[in-house]
Amino acid sequence: MTNRLELREITAADVPRLRASLIELAAWHNSVSEHFGDTESSAGAWPVKPFETTLAGFDEALRRGTSRIAVIESDDETRAVIGFAKVDIDSVGQTGKIDYLVVRETFRGRGHGSRLMEWAMATLRRAAVTRIEVKVVAGNDGAIRLYEKHGFRVYAHLLWKNE
């Protein structure tokens, strides 16, 4: 498999194809973060909402034009999604968010995350965004390194308390 697999933006009709990536991302987050998983000290499993709810939100955001999503697909007959990025742009256009950037585990370390990141940054630049936000699950050190490589720095720590 080459490093130059197709990267393309998707439409709302393609959103259901992202489900397998979300499932794998959930398993990854639950394995790397002390705050998720099945331990007594964890705040609970990630994600907190069902995959179908997340996918419906993706669909709606694409239809409204408040988000854009790009995928990288395998080069075999399945055209399976091996990674995707979702960016959100506020209605004023000055603040953007990298809401998701996912590369399935067996495809990591081949530059796909950087390609998705470059697409996200270019998309936000074209939208005249001046501030970009990204949240990373504690313990996801690979994602933190990727974002730092692209100029992101820790601005705040988000603290939660479940009652």
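## Exercises on a predicted fold

α4 is followed by Gly151, a residue with a positive phi, near 95°. Keep in mind as you work that this is a predicted model.

### Exercise 1: Take stock of the chain

Task: Find how many helices and strands the chain has, and the pattern they follow along the sequence.

Solution:
- Start with the count: there are four helices and five strands.
- Next, read along the sequence, and the pattern comes out as β-α-α-β-β-β-α-β-α.
- Then turn to burial: of the 163 residues in the chain, 40% are buried.
- For the surface, the accessible area is about 9800 Å², and carbon and sulfur atoms account for 53% of it.
- Finish with contacts. Take those between residues at least 6 apart in sequence: 62% of them join residues at least 24 apart.

### Exercise 2: Lay out the sheet

Task: Work out the order of the strands in the sheet, and which strands stand at the edges.

Solution:
- The five strands form an open sheet with mixed pairing, in the order β1-β2-β3-β4-β5.
- The edges belong to β1 (7-9) and β5; each has a single partner strand, so one side of each lacks a neighbour in the sheet.
- From one strand to the next, the twist averages 25°.
- Now add a helix: α2 (residues 51-64) packs on the sheet and touches β2, β3 and β4. The direction of α2 makes about 115° with that of β2.

### Exercise 3: Follow strand β3

Task: Decide how β3 pairs with β2 and with β4, and how many bridges join each pair.

Solution:
- Begin with β2 (residues 67-73): seven bridges join this strand to β3, and the two run antiparallel.
- On to β4, where the pairing with β3 is also antiparallel, over seven bridges.
- Gly83 makes a handy landmark in β3, with Ile72 standing opposite. In β4, Gly83 has Val103 as its bridge partner.
- For a second landmark, look at Lys86, which stands opposite Tyr100 in β4.
- Last, check burial. A residue counts as buried when its relative accessible area is under 20%. Nine of the nine residues of β3 (residues 81-89) are buried, so the strand is largely enclosed by the rest of the structure.

### Exercise 4: Find the two sides of helix α4

Task: Identify the buried residues of α4 (residues 141-149) and say what they pack against.

Solution:
- The buried residues of this helix are Ala143, Leu146 and Tyr147.
- Around the axis they cover an arc of only 95°, which puts them on the same side of α4.
- On the other side of α4 you will find Arg145 and Lys149, which are exposed.
- Their buried counterparts in α4 pack against β4 (95-103), α3 (112-126) and β5 (131-134).

### Exercise 5: Look at two backbone angles

Task: Say where Arg79 and Ala128 are found, and what phi each has.

Solution:
- Take Arg79: this residue lies in the loop between β2 and β3. Its phi is near 50°, a positive value in a residue other than glycine.
- How is Arg79 classed by accessibility? Values from 20% to 50% fall in the partly exposed class, and Arg79 has 29% relative accessibility, so it counts as partly exposed.
- Move on to Ala128, in the loop between α3 and β5. This residue is not a glycine, yet its phi is positive, about 65°.

Methods:
Residues are numbered from 1 along each chain as its sequence is written. This is a predicted model: local features need pLDDT of at least 70, side-chain atom pairs count only at pLDDT 80 or more; totals for chains, interfaces and linings use all residues. Side-chain values use heavy atoms; hydrogens and water are left out. Buried means under 20% relative accessible area, exposed over 50%, partly exposed in between (1.4 Å probe, protein chains only). The arc is that of the directions from the helix axis to the C-beta atoms. Contact means heavy atoms within 4.5 Å. Two strands pair if DSSP finds at least two bridges between them. Accessible areas come from the Shrake-Rupley method with a 1.4 Å probe; for residues, only the protein chains shown count as cover. Axes are lines fitted to C-alpha atoms, for helices over the stretch in contact, and angles run from 0 to 180 degrees between N-to-C directions.
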